[in-house]
Amino acid sequence: MQLRRDFPRGKTPAEALADVRAEAVAAFTDTGKWPSTFGRDAAKAHADALVWEAEFLALRNLEDVTKAAAEDLRDSLSVDVLEHLDSRLTEILDAAKAAGETLGDVTSAEQAIEAGGDALDAWRRLTSLLKDYSNVRDAQWDVLRAVSGEEARMGMRQWRDAGHGEVKDVRVDEIPSHIRDVMRSRAYTVEYLVWVAQSGSAFVPTSYDDLEFSVTASLEPVAYDDHGPVDLSPRVLPPLNPRPAKTYTHSRTPHLDVSQPVPESPKVNATHSDREASTLDYFRSN
């Protein structure tokens, strides 16, 4: 905070008194006389130091409060900022997809120049979009780092260097190797921009948890059974309708409060089936 940085260096009351005492002792050692103004000098030095310390502590508290308020505001708005970046990313990739369709089989600046016309215009458009795409990605990581703890930032650094945080719902082993190299290096190219735009899988994580989920999903091993790969993605199952409780002729409603009348027995909706005859039943019948 500029106010605290510009505030002149001073002494605490204890430091100011210590300096006055040291000067008095030095004077007595040299002259053999104790300074007659020691009390007044000590009182003035202490009072001046109190004034300095009070303002210094107030400025430091102001800095702490302002910093905390800024962090709270940043954290509360981080989701909005990341969602805005995702919207901006969609705009960039929509334009890149259209330009990529115009570009056709052109894969280099030399080919674009030779083709001329719409292909050259599309190449120029894609080249200008590269900077916009890079800015969105840089802002994405800046915001995620700012709202995460030190341990989370370390994890994000490793994920970013491994090429994560660019696309979702795509397994790492399904991405072409040369595209993965660009993701890891973040040296974005026109070819990469067109691939991302056409894949439809680009995204901006809205939080650390969102990023972590996409990383985990992209690295999960594929499970197989006798019929091939098994889809292990989460599903929302329909709610189960519970079967009504069985009430028999001997069932009774619990009588929890003896001061109240005995409650009525529940309505019977089930009967006991006849049990199988046992050996004891056989002997009794004979």
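Buried means under 20% relative accessible area, exposed means over 50%, and partly exposed lies in between, with a 1.4 Å probe and protein chains only. This is a predicted model, in which local features need pLDDT of at least 70 and side-chain atom pairs count only at pLDDT 80 or more, while totals for chains, interfaces and linings use all residues. Residues are numbered from 1 along each chain as its sequence is written, and side-chain values use heavy atoms, with hydrogens and water left out.

**Exercise 1.** Classify Tyr192 and Trp195 by burial, and describe how their rings are arranged.

*Solution.* Begin with accessibility: Tyr192 counts as buried because its relative accessibility is 1%, whereas Trp195, with a relative accessible area of 22%, is partly exposed. Next, place the two residues: both belong to helix H8 (residues 190-199), three residues apart, about one turn of the helix, where helices are DSSP runs of H or I with at least four residues, numbered from the N terminus. Finally, the rings form a stacked aromatic pair, 6.5 Å centre to centre with 25° between the planes; pairing requires ring centres within 6.5 Å, and stacked requires planes under 30 degrees apart.

**Exercise 2.** Find the surroundings of Tyr192 in the aromatic cluster and the largest nonpolar core.

*Solution.* The cluster joins Tyr192 and Trp195 with Tyr133 and Tyr188. In the largest nonpolar core (buried nonpolar residues joined through side-chain atoms within 4.5 Å), which has 40 residues, Leu126, Tyr133, Tyr192 and Leu193 touch the most other members. Helix H5 (117-146) is among the contributing elements, and H5 gives the most, with 12 residues.

Notes
Phe/Tyr/Trp six-rings, centres within 6.5 Å; stacked < 30°, edge-to-face > 60°.
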